[in-house]
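This report describes a protein chain and the ligand it holds. The sequence and structure come first, followed by the surroundings of the ligand.

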Amino acid sequence: METAQYDLIVAGGGPAGCACAITAARAGASVLLLEKDRFPRHKVCGEFVSPESLHLLEWLLGDQRFPDRPEISRARIFSLRKTISLPIFPPAKSIARYELDAELLAAARRAGAQAKEEAAVLEVNSGTVCKIRCKTETFTARAVVNASGRWSQLTQHAAKKNQSKWIGLKGHFCEAQAPNSVDLYFFNGGYCGVQPVSESSVNACAMVRADAARSLEDVFSMHPELRKRSRNWSPLFPAISTSQLYFRQPQTDSNSMLLAGDAAAFIDPFAGDGISLALHSGTLAAESLVPFLQGRGSWEDAKQHYGNAYRKQFAPAFRNAARVRKVLTAPPLIQSMLLSLAGISPFSRALVRSTRIQESAKSR
Ligand SMILES: Cc1cc2nc3c(=O)[nH]c(=O)nc-3n(C[C@H](O)[C@H](O)[C@H](O)COP(=O)(O)OP(=O)(O)OC[C@H]3O[C@@H](n4cnc5c(N)ncnc54)[C@H](O)[C@@H]3O)c2cc1C
């Protein structure tokens, strides 16, 4: 059965999809947002919301903010041989995805977008008008943005030969008065981030090689400090995991769709910039499409504008995150030498800054 035609259909209701839908709807476009799951739901994520995204998040949410969520003003890095502490200024926030994603979806509806949950996009046929097929309905639109994350029906990228297989694991645990820091525990085969999500609980989120650990219990046993810290933790919900994580070069369009957020590229989680990149790239995709949707420019112009602006604003963050990943997964001796360097103040500031998006992306 054929239903209404929209200016824009956004596939995926995570941070990138919601940012895109809100921005386009506020510019006057008719927008349909299609989300596979029903919110709220837990999501594997460190829930570190970087300072570079807080201003944009506030703009997207309108008056809905998260004033009482923990501020994260320090990163402590625990390697097996050495611990360093780096300031985070201005501070980041810790916001559970359970709340963040549901608030963003509500904001998209307030902005005027129609949002359907439990509506996975199964197929997109592009042409002058794009046809989008879900399980029971078909929709049409002038443009489609794929914001369905790093691995979905619409976003599948073959792993490179011999590429390590990484997975993500996450759980919330009772811990009263945890320090206001993101604590990154590095061990052979991956790392685990721990930060407060409320006064009485912490989020523990790990990225590990699939052959090194299968559960958070395995992860906790891999670093002596983390083993000690987690001894008295009790889980607040059953731990969740991701499918495999692949790193690849950013791609900004495919099959006549703009790609936003993780669908365009996946940045190493330790950078704590994935949500920020999703919010900024989703917004940028909508801004690039508005002239086309208003009949003031072509689809090709929109595609080119988005690709150029994306590369300028975000590509350095991906490059630098990949370099830092090499340091943090180096053998223990080399890692501790490099971490000693990172403990020196100007270097540490540069290290934190290097994985951040460029100033021009923050102007909103
Ligand atoms: C282990 C780990 C830790 C992380 N820690 C952090 C952190 O601390 N800070 C940070 O900033 N980033 C972190 N990230 C990265 C961050 O989670 C992502 O970058 C961010 O979620 C990207 O947002 P997105 O909207 O692009 O994708 P997603 O958040 O994945 O949203 C995509 C949405 O699309 C939906 N979907 C999928 N397929 C379809 C379909 N066919 N049709 C319709 N909808 C569909 C999904 O259900 C989902 O809701 C971490 C990632 C991992 C794996």
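## Elements around the ligand

Three elements each supply at least two residues of the shell around the ligand: helix H1 (15-26), strand S13 (201-209) and helix H6 (274-293). The largest contribution to this shell is that of H6, with 3 residues. The model is a predicted one.

## Composition of the shell

The ligand is surrounded by 39 residues, and those that come nearest are Glu35, Lys43, Gly46, Asp262 and Ile275. By class, the residues of the shell comprise 18 nonpolar, 12 polar and 9 charged.

## Polar contacts and cover

Oxygen atoms of the ligand have polar partners in both backbone and side chain. On the backbone side, an N or O atom of Ala16 is 2.9 Å from a ligand oxygen, and a polar backbone atom of Gly272 is 3.5 Å from a ligand oxygen. On the side-chain side, a polar atom of Asp262 lies 2.8 Å from an oxygen atom of the ligand. Taken on its own, the ligand has 1000 Å² of accessible area, and the protein covers 95% of this.

## The chain as a whole

The protein chain contains 9 helices and 16 strands. It has 364 residues, of which 53% count as buried. Its accessible surface is about 16300 Å², with 50% belonging to carbon and sulfur atoms.

For contacts between residues at least 6 apart in sequence, 72% join residues at least 24 apart.

Note on methods
Residues are numbered from 1 along each chain as its sequence is written. This is a predicted model: local features need pLDDT of at least 70, side-chain atom pairs count only at pLDDT 80 or more; totals for chains, interfaces and linings use all residues. Side-chain values use heavy atoms; hydrogens and water are left out. Helices (H or I, at least four residues) and strands (E, at least two) are DSSP runs, numbered from the N terminus. Buried means under 20% relative accessible area, exposed over 50%, partly exposed in between (1.4 Å probe, protein chains only). Contact means heavy atoms within 4.5 Å. Accessible areas come from the Shrake-Rupley method with a 1.4 Å probe; for residues, only the protein chains shown count as cover. A residue is near a molecule or strand if one of its heavy atoms lies within 4 Å of it. A polar contact is a pair of N or O atoms within 3.5 Å; within protein, one must be able to donate a hydrogen and the other to accept it, and residues adjacent in sequence count only if both atoms are side-chain atoms. Ala, Val, Leu, Ile, Met, Phe, Trp, Tyr, Cys and Pro count as nonpolar, Asp, Glu, Lys and Arg as charged, and the others, Gly among them, as polar.
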